There are 2 protein chains.
Amino acid sequence: NEKVTKPQAALDDPFANEPTRHPALVVRSARPFNAEPPADLLTANFITPNELFFTRNHLPVPTIDPATYRLEIVGEGLKPVSLSLQDLKTKFPRHTVTATIQCAGNRRAEMSAEKPTRGLGWGLAAISNAEWAGVYLADVLAAAGVDSEHTGQLRHVQLHGLDRDTHQAYSASIPIDRALNKHNQVLLAYEMNGTEIPRDHGYPVRVVVPGVVGARNVKWLGKITLAPEESDSIWQRKDYKGFCSSVDWDTVDKYYENTPAIQELPVQSAICEPRTGTLIRDKEVTLKGYAWSGGGRGIVRVDVSIDGGKTWQMAHIDALPADPSPSLSQSWAWTLWSAIVPIPEGTTELDLRCKAVDSSYNVQPDTILPGWNLRGVLTNAWHR
Amino acid sequence: NEKVTKPQAALDDPFANEPTRHPALVVRSARPFNAEPPADLLTANFITPNELFFTRNHLPVPTIDPATYRLEIVGEGLKPVSLSLQDLKTKFPRHTVTATIQCAGNRRAEMSAEKPTRGLGWGLAAISNAEWAGVYLADVLAAAGVDSEHTGQLRHVQLHGLDRDTHQAYSASIPIDRALNKHNQVLLAYEMNGTEIPRDHGYPVRVVVPGVVGARNVKWLGKITLAPEESDSIWQRKDYKGFCSSVDWDTVDKYYENTPAIQELPVQSAICEPRTGTLIRDKEVTLKGYAWSGGGRGIVRVDVSIDGGKTWQMAHIDALPADPSPSLSQSWAWTLWSAIVPIPEGTTELDLRCKAVDSSYNVQPDTILPGWNLRGVLTNAWHR
Ligand SMILES: [Mo]
Ligand SMILES: [Mo]
C-alpha cells in the first residue's frame, strides 16, 4: 500500500521508509539500496519479474502520495504545465514498450579486478528487462508547446527525480532530439510488467529511455526542465562518462567538460550459466546468457568459445521479444541465448567466452584493461 | 566531356570506355577498377579530392548521356514516376551532406594476413570523405506517393545501378525507414565536392546513404523499386554479410538467409602515418590517422599506444566538419586526428596501435582473428 503514513522515524533516518525487497537479491549497497539478481535467475525469464529487477538507487526511496503527485514541466519561453497522475493516465495515449535497462556500472567487478575503480562492485546482472506502459514523453512535451519545429535553444530535456538527501536531488538529462522523435519511444512510464511501478523502480512515474544508460531513466520523476544545457547534476556532468585509461583522479578534472555524458550504451553480452567452478561430466556443455546493445540496435549474433577465444561457434537465440519482427533499429529488449558446445576429449578445463554482434556489426572488445576507466563504467569486453 | 561517342571498341570490350584515373591511386583490381589513395595522402585533407577518392567498381563504368538519363521509380500499387536529371535538379530542394563512405572490405589485407579470405586486398584507404549535393531520397519518394504513413508492405528501397555486364546489373537495397526519415539525410547526389559527380563515382546520380556501408551507396542510379523484399542481388543477399569465424565455404550456404545484410558499419580507425619501417630519430613520434563510425555516431575519442596496447594516450582531434556542431547522431563525416607521443629512453622499436570510441561508446576489438570471416569484411580491430 503506497499511501502509508510516513513514520516519525523517517524524519531522522532518511532510509527508514525503504520498501521490502526480495531475499534472493544480491545486495551491493544497503543504503542507498543497490542490488542485482543471481545470474542464473536473470536468464530464467525474458521478462524479469519486478521483484528480481536490478535496483540502482542513488538516494533514499521517496514516499510519494499518488493523490497529490504532480509532474511539472517548465522551460524558458514555455507556459508551465502541471500534470496529476490522473492527467498522465487519461490525457495522453497509452503505449507499451519492452525495454532492457542496464546500469553503466554493470560488470564493474571484473574491471576492478584488473585494476581498482571507484563504484559499486556490480556482477553481470545490473541489467534487466521489463514491459513498461505509460505515455510518450514527446506527447507530453507537445502539450507544453514543444515539438521538433519549436525547440530553439532548448536542446536538452532535464529530468528531475523526487529522490533527494540533505544536499542534492537526483537529476539527469537527454538530448531533445531523442525525446521528440517518437521512433525512440521515450516513455513516462506508470506501469512495469502490468502493475504499478514498484517503489524501488520509480513509483509512481519513471522515465524509460530505451537503448540509453540506466542513469538517464530517471525514477520518481517530479519535474522536467527544457533548457539550453544538460542537467548540472554530478550524474550528468561527472559520473557516467567514459575516460581514457590514462586519466586518473589527479587529472580527471580537466576532462569532464569535453567528455560526452554516456547516453547510448555499447554492445554487451554475458554468460549466466554455467558459473565458474561448475563440474561438467557430460561430453558437452550448455551455456546460457544475455546479449543487448544500446540505441535500439538488435543483436544479430552471439558467438561462444570454450577455449578462451581461439575458436568460436554461434549460440542459439532463445527468446525473442513479444513482437516477432521489431525493426533492427527499435530492438530495445535484450536477447537471451544458449549454446551446446561439444567438449573435445582430454579437456580438463573450459575457458568460456561469449561475444555479441549488434545490427551495426559492432562487437565487444577482447579484453577489459584497454577500456579501463577510473569510475569503472562501460565494461563490455568478452565475458568469461 | 561526358557526351563522347561510345567507340566501336566498347562493343567488344566492356572496359574500353573507362575514365582516366589519378596515377597516385594504388590499384587493387584493374577490371573492374578498384583503387585506394596512399595512406599519407588520405589524411592530408578533411575533404578527399575527387581524383583521390577510393574507387570501388563491381562492373564496367557505364557511359550515360545526361540529356537522355531517366530515373524510374516503381513499386506495387504506385503510379510509376520517371524523372530526368533536370527534374531532379529543379523539382526538389537541394541539400548538401558531408559524408564519409567506407567499403565493407576496408583493411581486408590485414584480415587475410591472419587467415586467407576472398576479396580485394584493400589496405586502410578504402574510405574517403566528400561533400555531396543532391536531393533527399525521402522527397523523391514522396513525389511517388510514398511517405511514412503509406508504406504498407513496401519495406525495402531497392536501388538499381546502370552498371551491368552480360549477366547482371548492380543492385542493393536499404530499409524503407532509413530512406523516409530525413534525419538520415539519404541523398540522390548529383554533385561531389562542388562539381558533377565523376564517372568513377556514379555520374550523373548516385545514392549517398550516410553512415551505411559503401555497397548500399549505389552509383549510376537508374531505377528505384519499392518492394516487400530486399534486392535479390548477390551483393545484398550473399556478399556484404558478416559471419562467425567458424563458417567456411562448405557451410556458408545455410547462413545467408538469416544473416542480415550489412547496413550501418561499426566504429573504425587507422594510423596513416608513420608507415611501418619508418626510422624515428626524435624523442617523440607523431601519429596521424582517421576515425569514423556508422549510423551517424560521432567519434568521441581516439586512443593511441606505442607499446602494443599496454598503455594509451588520447589523440588530438584535428579537423572538424564544416558545421562545427553536428548532432552526435548525424556525424556522417570522419574525424582526422594526430598524436605526439614521447618515446621512453632505450626504446628500440615502436609497436603502434590506435582505437576509437564512438558516441554510443562502442570500441574497436583488440585483435582481428576472432572477427575473421570468409569474405574478409568488417575488419575494425585496433590498427597497427
Ligand atoms: Mo547506472
Ligand atoms: Mo564495398
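These exercises work through the contacts, symmetry and salt bridges of a predicted two-chain model.

Residues are numbered from 1 along each chain as its sequence is written, and chains are lettered from A in the order in which they are written. In this predicted model, local features need pLDDT of at least 70, side-chain atom pairs count only at pLDDT 80 or more, totals for chains, interfaces and linings use all residues, and side-chain values use heavy atoms, with hydrogens and water left out.

**Exercise 1. The interface**

Describe how chain A meets chain B.

*Solution.*
- Step 1. Take contact as heavy atoms within 4.5 Å. Then 41 residues of chain A touch 42 residues of chain B.
- Step 2. Look for salt bridges (a side-chain nitrogen of Lys or Arg within 4 Å of a carboxyl oxygen of Asp or Glu). Between chain A and chain B the count is zero.
- Step 3. Sort the residues of chain A that touch chain B. There are 20 nonpolar, twelve polar and nine charged. Here Ala, Val, Leu, Ile, Met, Phe, Trp, Tyr, Cys and Pro are nonpolar, Asp, Glu, Lys and Arg are charged, and the others, Gly among them, are polar.

**Exercise 2. The symmetry**

Find the relation between chain A and chain B.

*Solution.*
- Step 1. Start from the principle. Two copies of a chain are related by a rotation about an axis and a shift along it.
- Step 2. Superpose by least squares on the C-alpha atoms of residues with pLDDT of at least 70 in both copies. A rotation of 180° with 0.0 Å of shift along its axis brings chain A onto chain B, with an RMSD of 0.0 Å.
- Step 3. Name it: this is the relation of a two-fold axis.
- Step 4. Compare the surfaces. The same surface serves both copies, as 100% of the contact residues of chain A recur in chain B.
- Step 5. Locate the axis. A:P365 comes closest of the residues of chain A, with its C-alpha at 1.9 Å.

**Exercise 3. Two salt bridges**

Which parts of chain A do the pairs A:R31 with A:D13 and A:D303 with A:K355 tie together?

*Solution.*
- Step 1. A:R31 and A:D13 meet at 3.1 Å, N to O. A:R31 lies in the loop between strand 1 and strand 2, and A:D13 in the loop between helix 1 and strand 1, so the pair ties parts 18 residues apart in sequence. Helices (H or I, at least four residues) and strands (E, at least two) are DSSP runs, numbered from the N terminus.
- Step 2. A:D303 and A:K355 come to 2.9 Å. They lie in strand 16 and strand 20, so this pair ties parts 52 residues apart.
- Step 3. Check accessibility (buried under 20% relative accessible area, exposed over 50%, partly exposed in between; 1.4 Å probe, protein chains only). A:R31 is exposed at 53%, and A:D13 is partly exposed at 23%. A:D303 is buried at 0%, and A:K355 is buried at 6%.
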